[in-house]
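Take a moment to look over the sequence and the model. The paragraphs after it lead through the structure step by step.

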Amino acid sequence: MADKTVQLEIKRQASPEAPEMWEKFELAWRPGMNVISAMMEIAANPVTAEGHQTTPIAYDSNCLEEICGSCAMRINGRARMACSSLVENLEQPIRVEPLSKFPLVRDLQVDRSVLFENLKAVKAWVPVDGTYDLGSGPRVFPQQQEANYPLSNCISCTCCMEVCPQFNPATGFVGAATIAQVKLFNNHPTGKVFKEERLRALAGDGGIQECGYAQNCVEACPKQIPLTNAISDIGRDVMVQKVKDWLRG
Amino acid sequence: MAAPRIIVIGGGLAGLSAVIKIAEAGGTVDLFSIVPVKRSHSVCAQGGINAAKNLKGEGDTTWQHFDDTIYGGDFLANQTPVKGMCEAAPAVIDLLDRMGVPFNRTPEGLLDFRRFGGTLYHRTAFAGATTGQQLLYALDEQVRRHESEGKVRKYEGWEFLSAVIDSQGVARGITAMDLRSMELRSFPADAIILATGGVGAIFGKSTNSVVCTGSAQSAIFQQGAYYANGEFIQVHPTSIPGEDKLRLMSESARGEGGRVWVPRAAGDKRPVKQIPQSERFYFLEEWYPKYGNLVPRDVATRAIHKVVYELGLGLEGQPMVYLDLTHIDRATLDHKLGGILEIYEKFVGVDPHLEPMKIFPGMHYTMGGLWVDFNQMTNIPGIFAAGECEYQYHGANRLGANSLLSCIYGGFHAGPNALNYAKGLQPAEGDGGAAAELARQAEINASLLHSEGTENPFRLWRELGKTTTEHATVLRYNKGLKQADEKIQDLLDRYKKINLSDKSQWANTSFAFTRQLYNMLQLSRVVVLGALLRDESRGAHFKPDFPERNDEKFLKTTKASFTGDVAGPRFEYEEVDTQYIKPRPRRYDAAK
């Protein structure tokens, strides 16, 4: 057991303009290792399997509990969170690459700010009058809370966007995460004041019509958010809104 | 006069709370954060947020909440701000509810509450077991709204390096580094609010997120700010040991009925299900019949330590005990604790519905932090602090579910106070010292890049974490604390011989880490030496050689200031405000 090792192959790119290359690493195995702890090990001893000095891997991470959404990357070809990718469950060599649908920053770091811009476009918030004391909020029955809570668990990791065949520069599709947030806020007793605006924001190019029902999103979501249900519900609402707007002229 | 410019550093609950209040009052804010603010460490809080709403017919009051908090903190907290926080708490919950936080509900559609440690009341509002995530998102959404209206400008991916302080000692802005281009810049401001969270990284592995290094607090401390009660470090009784970090297992698991136990016989090899009730040692319930599994964290942590290290009853001889939920029905667990049980199963590979979890204490929270006055301002005019990075709400030990509250309450105060301060500020002379400060930071960067030695920063960090965890967490001995300080001085020496394996100037994460490491080393001396000087036991600070609380000598706030000397920080002590509740012995084996 003492000699058991872990093999990784990590895609490196020093900057958006620099050439891509793969580096191999061989690390001592330890129980409970995940892909993050393997990269921490490399930072403490940045030497490749061939014995060449290299640099620590650049990657985004923060909570390491699969709740902050930072460390999404492709591991053995699958978009997932590096912190919850346990080495013992992965086939070796473990191939680690950055998400492919977002602008590369360095190594495994990519720029996912498009999601936050999308959330602005659909007004993903409840418009409270102010933060002064206005007494209790609206009554919400447990059944409603149970329906909304899963949608509110979205960690903005963008795995659903990475795996979506329609999420690409040609369509400008907003992706499943944003659509699920529209459902969340349209369900809220106060949030629904913007319901029509949100639906209209999803009615045009890049909106909900771009969805091709590949259903990859719901498979990839680390939080098991019912994304395809959200897409079909909001798709229906967008259609109804379009008809209403057409009738109103 | 031009509109005041306020800079908020840190986008967790405290920072976002401050931003919202300033934007609402008509101010504009520059918000700096290392990570996109939605990924801040506040997301990790699980169990809930306290407020004496008294919706369970128990006769709970804000005074009870105040008393529990002061008592839980072993009387070290100044009472005036704590009283204000507890009185404001019910309105804070209402506001969060109005913002759309999906709090759990009663059948009548009202907020549900659960019990947490250190109280006998159901006082904790919760959204499943992801309350921090839900609260952060609600505030993040409000800030996004203000951002889209042009009141907030975000600088995500920028790291705060230092304050710009003028010749009068007044803050005039900050310096920061773009973590992609590595560009250094100064930003002018009339007031600054630090909301930069905890210091977990100085203990190596903790329940904290990667960004919780304490680097920002340490930088300000080295520029002249007092750091208060640094020796008070909370070790959470129930964490899941891991290779990369210690993952939190929420106190809400016990709040919903989870029981902590070990087999009565040392080294019992039987499968857990075959150990009969009579042969299980529910030590918290036996030792603390009134509070049982819901004693405060410092008490539970020491009890687990005793069971493992003194009685030798750790599971299979390992430093672990059971946290058992298997007697609770699946629907209740999934409804109230879903998120955390999933995390345990994902990271450990065992289903906690079916088998007890294996847990052990892990470093979790700093009660200490930047010294602030009752207006949340540090001793440097113009620098405010809110959230975990300041010291004022939790005394010697924090009660569970009070941290989210103190973050929001502190931010709600710091924001308007900073705006008021800024409105009365006289303009700076010249650039207020910005160019000189920027040059100082550029010099630090250059010397790191040119440093030629053999030391690896990540390995120095591991050594730091090993020594602080060994000597400055659950049990503290003066001999060990002295050793720890010598070790830190040695690491500071070796820091001068760091050789960066990556000297590039694009998204150089190890370069940024190495800068943080220096600040971690300086701050860890405050923790270790503060603990060395406090010869008593109070809250989370426990010295077996001085097992009693000593109010005569140490009912005082520790204030450390930076000297730059090898001898370390200078320490002085300040009287504690105890005007409302007279200090009394703290014990949890009987009713208060």
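**Strands, core and contact**

Start with one pair of residues: Ser162(B) has Thr175(B) in S8(B) as its bridge partner. This is a predicted model. The pair belongs to a longer run of bridges. Strand S7 (residues 158-165) of chain B and S8(B) are joined by 7 bridges, in the antiparallel sense. The two strands make a hairpin, with 5 residues between them. In its turn, Gly169(B) has a positive phi of about 85°.

Now follow S8(B) to its other partner here. Strand S9 (residues 184-188) of chain B also pairs with S8(B) in the antiparallel sense, over 5 bridges. Met177(B) and Leu184(B) in S9(B) stand opposite each other. S8(B) and S9(B) form a hairpin too, again with 5 residues between the strands. Here Met182(B) takes the positive phi, near 60°. Is S8(B) mostly covered or mostly open? Strand S8 (residues 171-178) of chain B is mostly covered, with 7 of its 8 residues buried.

Next comes a sheet with parallel pairing. Chain B has an open sheet of 5 strands, in the order S6-S2-S1-S10-S19. Which strands stand at the edges? They are strand S6 (152-156) and strand S19 (383-385) of chain B. Each has a single partner strand, so one side of each is left without a neighbour in the sheet. From one strand to the next, the twist averages 20°. Inside the sheet, look at S1 and S2. Strand S1 (residues 5-9) of chain B runs parallel to strand S2 (residues 28-33) of chain B, and 5 bridges join them. Ile6(B) is a good place to look, with Val29(B) in S2(B) opposite.

A helix lies across part of this sheet. Helix H10 (residues 403-423) of chain B crosses S1, strand S10 (191-194) and S19 of chain B. H10 runs at about 160° to S10(B). Pro416(B) is in this helix. Is Pro416(B) buried or partly exposed? Pro416(B) has 17 C-beta neighbours inside 10 Å, so it counts as partly exposed; a buried residue would need 20 or more. Pro416(B) touches Lys21(B) and Ala25(B), leaving aside residues up to four places away in sequence. Pro416(B) and Ile20(B) are 396 residues apart in sequence, yet their C-alpha atoms are 9.8 Å apart in space.

Turn to Ile193(B). Leaving out residues up to four places away in sequence, Ile193(B) touches, among others, Ile6(B), Val8(B), Phe384(B) and Ala414(B). Ala18(B), Gly415(B) and Ala418(B) are also among the residues it touches.

Ile193(B) leads on to the largest nonpolar core, which has 251 residues. Ile193(B) is one of the residues with the most contacts inside this core, along with Cys160(A), Val19(B), Ile192(B) and Leu194(B). Helix H14 (residues 509-533) of chain B gives the largest share, 12 residues. Domain 1 (5-110) and domain 2 (113-248) of chain A both contribute residues, so the core lies between them.

Last, see how the chains meet. Chain A gives 57 residues to the contact, and chain B gives 57 residues. On the side of chain A that touches chain B, the elements giving two or more residues are helix H1 (35-44), strand S6 (104-106), helix H2 (113-121) and helix H3 (142-148) of chain A. H1(A) supplies the largest share of this side, 5 residues. By class, the side of chain A that touches chain B has 25 nonpolar, 25 polar and 7 charged residues.

Terms used:
Residues numbered from 1 in each chain as written. Chains lettered and ligands numbered in written order. Predicted model: local features only at pLDDT ≥ 70, side-chain atom pairs only at ≥ 80, totals over all residues. Contact = placed C-beta atoms within 7 Å. Helix = DSSP H or I, 4+ residues; strand = E, 2+ residues; numbered from the N terminus. Nonpolar A, V, L, I, M, F, W, Y, C, P; charged D, E, K, R; others polar. Core = buried A, V, L, I, M, F, W, Y, C linked by C-beta atoms within 7 Å. Buried ≥ 20, exposed ≤ 12 C-beta atoms within 10 Å, placed from the backbone. Domains from an automatic or database assignment. Pairing = 2+ DSSP bridges. Axes fitted to C-alpha atoms, helices over the stretch in contact; angles between N-to-C directions.
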